[in-house]
Amino acid sequence: MNPRRKQRLTWVAVLVIGVSVATGLMLYALSQSIDLFYTPSELVEGKGKEKQKPQVGQRMRVGGMVVEGSVERNRETLEVSFEITDLGPEVTVLYQGILPDLFREGQGIVAQGKLIEPTVLQASEVLAKHDEEYMPPELAEQMKGIKHVNPNDVEYGEKQ
């Protein structure tokens with residue numbers, strides 16, 4: 001083989017290996033920062049066909065309705081604990097900080113944080129919904145039997 005071709009082949013091989021390693025490292029870093037969304041039922045019973053349950057220590061988002069009478073506040077600190085449900089199992093959320101103005105019992109919320117026990121989430125952020133009519137499509141289907149229809153898929157004047 002010509003020495004010049006051999007040198008080019010070596011550079012191409014180094015470049016391909018370098019790009020492969022960089023891509024692998026980026027994908028690994030991204031997999032560590034993904035927050036998956038679960039409903040309380042999916043958290044307890046498992047998600048998908050395989051009924052895969054999240055692991056303790058995993059970062060995630062859990063959305064549901066705040067259970068009436070479950071909010072407990074510590075008078076000396078900003079610690080709050082409450083239960084959320086989707087008309088199935090309940091999940092305990094622990095949070096330290098100021099809750100959103102729209103937060104109340106019976107309200108839909110999304111808590112983002114780390115799972116510290118199979119049914120206990122240590123939240124780093126709690127989000128309350130803006131509109132009392134809005135609900136994530138998956139949760140609406142489970143709780144009210146409402147099927148989400150994308151308005152962009154419906155023709156003008158067509159009845160559903």
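Here is a friendly walk through this predicted model, point by point.

1. **How confident is the model?** Keep in mind from the start that you are looking at a prediction. The chain has an average pLDDT of 82, and 78% of its residues score at least 70. Which parts sit at the two ends of the confidence range? Confidence is highest in strand S5, at 94, and lowest in helix H3 (residues 137–144), where the mean is 66.

2. **The overall plan.** Count along the chain and you will find three helices and seven strands. In sequence order they follow the pattern α-β-α-β-β-β-β-β-β-α. It is worth tracing this once on the structure before you read on.

3. **Inside and outside.** The chain has 160 residues, and buried ones make up 29% of them. About 11700 Å² of the chain is exposed, with 54% of that supplied by carbon and sulfur atoms. Among contacts with a separation of 6 or more, 52% are between residues 24 or more positions apart.

4. **Strand S2, a good place to start.** Find S2 at residues 59–66. Is S2 mostly enclosed or mostly open? Six of its eight residues are buried, so the rest of the structure largely encloses this strand.

5. **S2 and its partners.** S2 is a useful strand to follow through the pairings. With S1 (residues 36–38) it runs parallel, and three bridges join the two; here Leu36 stands opposite Met60. With S6 the pairing is antiparallel and spans seven bridges, and Arg59 faces Lys114 across it. S2 also pairs with S4, again in the antiparallel sense, over two bridges. In that pairing, Met65 has Thr85 as its bridge partner.

6. **A right-handed unit.** What do S1, helix H2 and S2 make together? They form a right-handed β-α-β unit, with H2 covering residues 40–45. This fits nicely with the parallel run of S1 and S2.

7. **The loop from H2 to S2.** Two lysines in this loop deserve a look. Lys47 lies between H2 and S2 and is partly exposed, with a relative accessible area of 31%. Setting aside neighbours within four places in sequence, Lys47 is in contact with Phe37, Tyr38, Glu42 and Gln52. Lys51 belongs to the loop between H2 and S2 as well. Its phi is near 55 degrees, a positive value in a residue other than glycine.

8. **From S4 to S5 and on to S7.** S4 and S5 run antiparallel and are joined by seven bridges. One pair to find is Ile84 with its bridge partner Val91 in S5. S5 then pairs with S7 in the parallel sense, over four bridges, and there Val93 has Leu121 of S7 as its bridge partner.

9. **The hairpin turn at Leu87.** Four residues lie between the strands in the hairpin of S4 and S5. Leu87 is found in this loop. Is Leu87 buried or exposed? Leu87 has a relative accessible area of 63%, so it counts as exposed, the cut-off being over 50%. Leu87 also has a positive phi of about 70 degrees, although it is not a glycine.

10. **The largest nonpolar core.** This core has 20 residues, and the members touching the most others are Met60, Phe82, Ile84, Leu99, Phe103, Ile109 and Val126. The elements giving two or more residues to it are S2, S4 (79–85), S5 (90–96), S6 (108–117) and S7 (120–128). Which strand gives the largest share? S7 does, with four residues.

11. **A closer look at Ile109.** Which residues does Ile109 touch, once those up to four places away in sequence are left out? From residues 62 to 66, the list includes Val62, Gly63, Gly64 and Val66. Ile109 also touches Phe82, Ile84 and Phe103, together with Val126, Leu127 and Ala128. Of these, Phe82, Ile84, Phe103 and Val126 are also among the core members that touch the most others.

12. **What to take away.** If you revisit one strand, let it be S2: it is largely enclosed, as six of its eight residues are buried. If you revisit one loop, try the one between S4 and S5, where Leu87 is found. And when you come to H3, remember that its mean confidence is 66, the lowest in the chain.

Methods. Residues numbered from 1 in each chain as written. Predicted model: local features only at pLDDT ≥ 70, side-chain atom pairs only at ≥ 80, totals over all residues. Heavy atoms only, no water. Core = buried A, V, L, I, M, F, W, Y, C linked by side-chain atoms within 4.5 Å. Buried < 20%, exposed > 50% of the residue type's maximum accessible area, 1.4 Å probe, protein only. Contact = heavy atoms within 4.5 Å. Pairing = 2+ DSSP bridges. Right-handed = clockwise from strand over helix to strand, strands pointing away. pLDDT = per-residue confidence, 0-100. Areas by Shrake-Rupley, 256 points an atom, 1.4 Å probe, with all protein chains shown as cover.
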